[in-house]
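Me: I would like a close look at one part of this model. Please keep it brisk and give me the cut-offs as you go.

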Amino acid sequence: MSGEGKVVCVTGASGYIASWLVKFLLLRGYTVHAALRSPNEARKTKHLRELEGAKERLKLFKADLLEEGSFDAPIFGCHAVFHTASPVIFNFHDPQTDVLDPAIKGTLNVLTSCSKTPSVTRVILTSSIAAVVQSDRPRAPHVVVDETWFSDPDFCKNKAKWYELSKTLAEEAAWKFAKENNIELVSIIPGRVLGPMLQPTLNESVATISNFINEPKTYANATFSWVDVKDVAIAHILALEVPSAQGRYCLVDTVAHMSQIVEMLRQLYPTLTLPNKCADDKPLEPTYQISKEKSQGLGIEYTPTKVSLRETIENLMEKGFISL
């Protein structure tokens, strides 16, 4: 087990990606410090406490993104830190308070704690493809997006894309702080994440799929990049364990319009009642490509999106979020 004897911290450990990350870290022998806003809420941590190896090597810590110094304790003595905690919400009252501050200030608070902890050798940041593709740069089927692309904050502001802005500014702040404080940083940049949930609550990306079934009227005229949650978790671990890992890594199996996702679901589950028309009459938002070269060099083998969709549906049924 490659992690035996090593201690790592995972922020936002009860989240969708983070839960799988904790699971795989424990299976590899790591001791995991799980930093959580509410570690004493049994319902939110039960799935973590029941993981294989959790009794021996999982420790829960209270930490808040907006509280300076609250990550000092969970990060103390750690070999590496996985910073996954950031609000993934699209319905909110105040974008600054609810989305931007937790993402940006939270990232800086975590990195500040890392800078005070000599044992930390590498920090792995969970970013998002939202920090890559939101700009005026044209996207079309022949366009290949790669890790050199960055979203434009002004573009995000003008379009009121607050989540996208939060991920863009948080990653920018992280790179600046890491450079100034000599922190070895690697950024993992997943597309929209699919696959089974370990946590009990429905998260935003999986809700996209459940909404097709629970409210089958129309599908959005939108194109997204898609990736499996287990692939994302494994990429985080490889970003730590592969000595040559550096910079940014886009993680996307495929780029597909929502109409294509609906068609995949229809092929998998022919009896499902699914939307058969787009929400508007405009030309369909174009697809594009995202380079896999760098992520595959890290060792990622992608789960096909159709497999991820099937596992998502089965998991949603098992948890009672949908019925077929």
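By class, how many nonpolar, polar and charged residues does the lining of the largest cavity have?

Reply: Three nonpolar, six polar and two charged residues line the largest cavity. The classes work like this: Ala, Val, Leu, Ile, Met, Phe, Trp, Tyr, Cys and Pro are nonpolar, Asp, Glu, Lys and Arg are charged, and the others, Gly among them, are polar.

First, the ground rules. This is a predicted model, in which local features need pLDDT of at least 70 and side-chain atom pairs count only at pLDDT 80 or more, while totals for chains, interfaces and linings use all residues. Residues are numbered from 1 along each chain as its sequence is written, and side-chain values use heavy atoms, with hydrogens and water left out.

Now the space itself. Rolling a probe the size of a water molecule over the atoms shows where empty space is left. The search runs on a 1 Å grid over the protein atoms alone, and a cavity is a set of points where a 1.4 Å probe fits but cannot get out. A pocket is an open set with protein on both sides within 12 Å along at least five of seven lines. Lining residues have an atom within 4 Å of a point. Grid points are joined across faces, edges and corners, and a volume is the space filled by probe spheres set on the points. By this rule there is one cavity of 30 Å³ or more. The largest cavity holds about 50 Å³.

Who lines it? The residues are His 83, Thr 84, Ala 85, Ser 86, Thr 107, Leu 125, Thr 126, Ser 127, Lys 167, Ala 170 and Glu 171. Strand E5 (122-126) and helix H7 (162-180) each supply at least two of them. Helices (H or I, at least four residues) and strands (E, at least two) are DSSP runs, numbered from the N terminus. H7 gives the most, three residues.

That makes H7 worth following. It has 19 residues, which at 1.5 Å a residue should span 27 Å; the end C-alpha atoms are 27 Å apart, which agrees. The expected span is 1.5 Å times one less than the number of residues.

Many residues of H7 are buried. They are Tyr 163, Glu 164, Leu 165, Ser 166, Lys 167, Thr 168, Ala 170, Glu 171, Ala 173, Ala 174, Phe 177 and Ala 178. Buried means under 20% relative accessible area, exposed over 50%, and partly exposed in between (1.4 Å probe, protein chains only). Lys 167, Ala 170 and Glu 171 are thus both cavity-lining and buried. The cover over the buried residues includes H5, E5, helix H6 (153-158), strand E7 (185-190) and strand E10 (247-251). H5 runs over residues 95-115 and holds Asp 98. Asp 98 counts as partly exposed, at 25% relative accessibility.

Take one buried residue of H7. Thr 168 sits in this helix, and its relative accessible area is 3%. Neighbours within four places in sequence aside, Thr 168 is in contact with Ala 130, Ala 131, Ser 151, Pro 153 and Cys 156. Contact here means heavy atoms within 4.5 Å.

Next, the loops on either side. Ala 160 lies in the loop between H6 and H7. Its phi is near 55 degrees, a positive value in a residue other than glycine. Ala 160 is partly exposed, at 44% relative accessibility. After H7 comes Asn 182, in the loop between H7 and E7. Asn 182 also has a positive phi near 55 degrees, and it is not a glycine either. Asn 182 counts as exposed, at 74%.

For contrast, consider an open site. The second largest pocket has a space of about 160 Å³. Helix H2 (42-49) and helix H12 (305-318) give two or more residues to its lining. H2 has the largest share, with three residues. The pocket lining includes Arg 43, Lys 46, His 47, Met 197, Pro 200 and Glu 318. By class, this lining has four nonpolar, three polar and five charged residues. The lining of the cavity, again, has two charged residues and six polar ones.
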